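Please open the model in your viewer, show it as a cartoon, and keep the selection panel at hand. The tour below goes from stop to stop, saying what to select and what is to be found there.

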Amino acid sequence: MKRSLLNKIKNKSVHITVLGLGYIGLPTPSTFANQGLRVTGVDVNSEVVKTLNSGEIHIEEPGLKTVVQAAIRSGNLQVKTNLEPSDVFIIAVPTPITAKKTADLSYIEAAVESIIPHLKQSNLVILESTSPPRTTIDIIRPQLEQSGLKAGEDFLLAYSPERVLPGKILYELVHNSRVIGGITPASAEVGRELYRSFVEGEIILTDTTTAEIVKLMENTYRDINIAAANEFSRLAEKFGVNVWEAIDIANRHPRVDILQPGPGVGGHCISVDPWFFVEQASDEAKLIKQARLVNDEQPDFVVKLLQDEFEDLKGKKLSVLGITYKPDVDDIRESPAVEVVKRLHDMGVEVKAFDPYVIGKADDLNYLEEDLQEIFVGSDGILLLVDHHQFETLDPEEIFPLLKHPFILDTRNVLDHQAWLNAGFEMKILGDGRD
Ligand code: SAJ
């Protein structure tokens, strides 16, 4: 079983099918295809398939459009809505979180269900989606075995999480180290040969549950570190110091590396994945849960800073810069900026926001303006929530005359503060508690 698949990988006759063509599912098949491998990308959303086949892409990621177009043009990548028999099936569908903070595995289960009728002897199935511990052996394995084939004996099964950073996906896909957990050593070894076709980083083999936990630990570690930074920003306000200066000095210690505070933690990964530990092990994951709560409360802290400035926020007009979950991406999933705006609306604040990456892409957010100047006219103040590069070069002299009240709260500490002060603005930086 192992040898026949290895030979196909070596002589590039292997057929790979990737299920789910989102942020991760789209770069992966395109990269395989550009290495000369035959790949089918499958997505249940026919609009996505139509967009890709017309030469466009449905997500914003530097360099991705060129890579996808090249893959489709080469004939190595075909994009479809339906599955066919294949040698390898890679599952890269989302694992969202429910309102009760539990993992929603329905996309993974539906993907596995669609593989079952096509599963053959010697196939390799790889799960890439971030998943709660033991998903591969306790859920995927028995589900696939409903086919009558036995995992590890008739077909190979592995878990290999994606660890790429949105904004740098194409670079990190190739250069990051990669972990592959197999339900048998052969499952991991064949997986290694497959990913070796484009991965230049180290490939580490282990078992499936270790690989699942590694992925969750990485994002949890980052979440806890950001929670510390956010809590330090509140302490700095309380004790009258500047958290940015304090973190900068502390980070010169050889064993300290504190991350940056901000309006909260968003995105589909870091604000979600730690809950998978909490859901399955609430007694053990106490710190993890607390860090999540600290980060989820940070939008309230931003609102409190505004309340300190404006005694009564009701009826005020505020100009919001940025609503994505982080800079220079178009993703607003779990965005703390959206949370801040929700709270402001609840308090009767009129919000006008501008985000260069979300123009025309979020019809439900009716406070978004297409014209940057428009948001400043008659406003009582500016609230910078996302450090898009474009905002660093805003000209405070030009903006000043448009506002009713020249106030700005910079939650990311990215603006040239002296320039804004010189232009006549009253300036507040999140975490700067000095008078
Ligand atoms: N953030 C801060 N302060 C910081 C760093 C980040 O407030 O110092 C905020 C961001 O603004 C954002 C959130 O945290 O709201 C997450 O952003 P991020 O850039 O840290 O991470 P993601 O969610 O874009 O990608 C993460 C990455 N994980 C790690 O770095 C451990 C990436 O490698 C993963 O592949 C990705 O999650 C994923 O898909 O799991």
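**First stop: the cavity**

The structure holds 1 cavity of 30 Å³ or more, where a cavity is, on a 1 Å grid over the protein atoms alone, a set of points at which a 1.4 Å probe fits but cannot get out. Its volume is about 60 Å³, a volume being the space filled by probe spheres set on the points, with grid points joined across faces, edges and corners. To see its lining, that is, the residues with an atom within 4 Å of a point, select P161, E162, R163, V164, E172, L173, N176, S177, R178 and V199.

Before moving on, note that this is a predicted model, in which local features need pLDDT of at least 70 and side-chain atom pairs count only at pLDDT 80 or more, while totals for chains, interfaces and linings use all residues. Residues are numbered from 1 along each chain as its sequence is written, and side-chain values use heavy atoms, with hydrogens and water left out.

**Second stop: the sheet of 8 strands**

Colour the strands next; like the helices, they are DSSP runs numbered from the N terminus, with E over at least two residues for a strand and H or I over at least four for a helix. In the order β3-β2-β1-β4-β5-β6-β7-β8, 8 strands form an open sheet with mixed pairing, two strands being paired if DSSP finds at least two bridges between them. At its edges lie β3 (77-80) and β8 (203-207), each of which pairs on one side only, and from one strand to the next the twist averages 20°. Angles here run from 0 to 180 degrees between N-to-C directions, along axes that are lines fitted to C-alpha atoms, for helices over the stretch in contact.

Within this sheet, select residues 124-127 and 156-159: these are β5 and β6, which pair in the parallel sense over 4 bridges, and L124 stands opposite L156 of β6.

**Third stop: helices across the sheet**

Now add residues 135-145, helix α6, which lies across β5 and β6 and runs at about 150° to β6. Helix α9 (residues 208-239) lies across β6, β7 (178-182) and β8, running at about 120° to β8.

Which residues of α6 are buried? They are T135, T136, I140, Q143 and L144, where buried means under 20% relative accessible area, exposed over 50% and partly exposed in between, with a 1.4 Å probe and protein chains only. These residues are on the same side of α6 because they cover an arc of only 100° around the axis, the arc being that of the directions from the helix axis to the C-beta atoms. The buried residues of α6 pack against α5 (106-115), β5, β6 and α9, contact meaning heavy atoms within 4.5 Å.

**Fourth stop: helix α4**

Select residues 64-73, helix α4, where L64, V68 and A71 are buried. Their arc around the axis is only 65°, which puts them on the same side of α4. They pack against α2 (27-34), α3 (46-53), β3 and α7 (169-175), whereas the face turned away from the buried side carries the exposed residues T66 and R73. Just after α4, G75 takes a positive phi of about 85°.

**Fifth stop: the sheet of 5 strands**

Turn to the open sheet of 5 strands, ordered β10-β9-β11-β12-β13 with parallel pairing. The edge strands, each pairing on one side only, are β10 (350-354) and β13 (426-429). Strand β9 (residues 317-321) is joined to β11 (residues 381-384) by 4 bridges, with L384 of β11 as the bridge partner of L321.

Then select strand β12 (residues 407-410), which is covered on both faces: F407 and L409 are buried on one side, I408 and D410 on the other. In a regular strand the side chains alternate between the two faces of the sheet. Towards β11, 3 bridges join the parallel strands, and L383 stands opposite L409; towards β13 there are 4 bridges, and I408 has M427 as its bridge partner.

**Last stop: a pocket beside β13**Finish with the second largest pocket, whose volume is about 340 Å³; a pocket is an open set of grid points with protein on both sides within 12 Å along at least five of seven lines. Of the 16 residues that line it, M427, K428, I429, D432 and R434 lie nearest its centre. The elements giving two or more residues to this lining are α12 (286-309), α16 (417-422) and β13, and β13 gives the most, with 4 residues.
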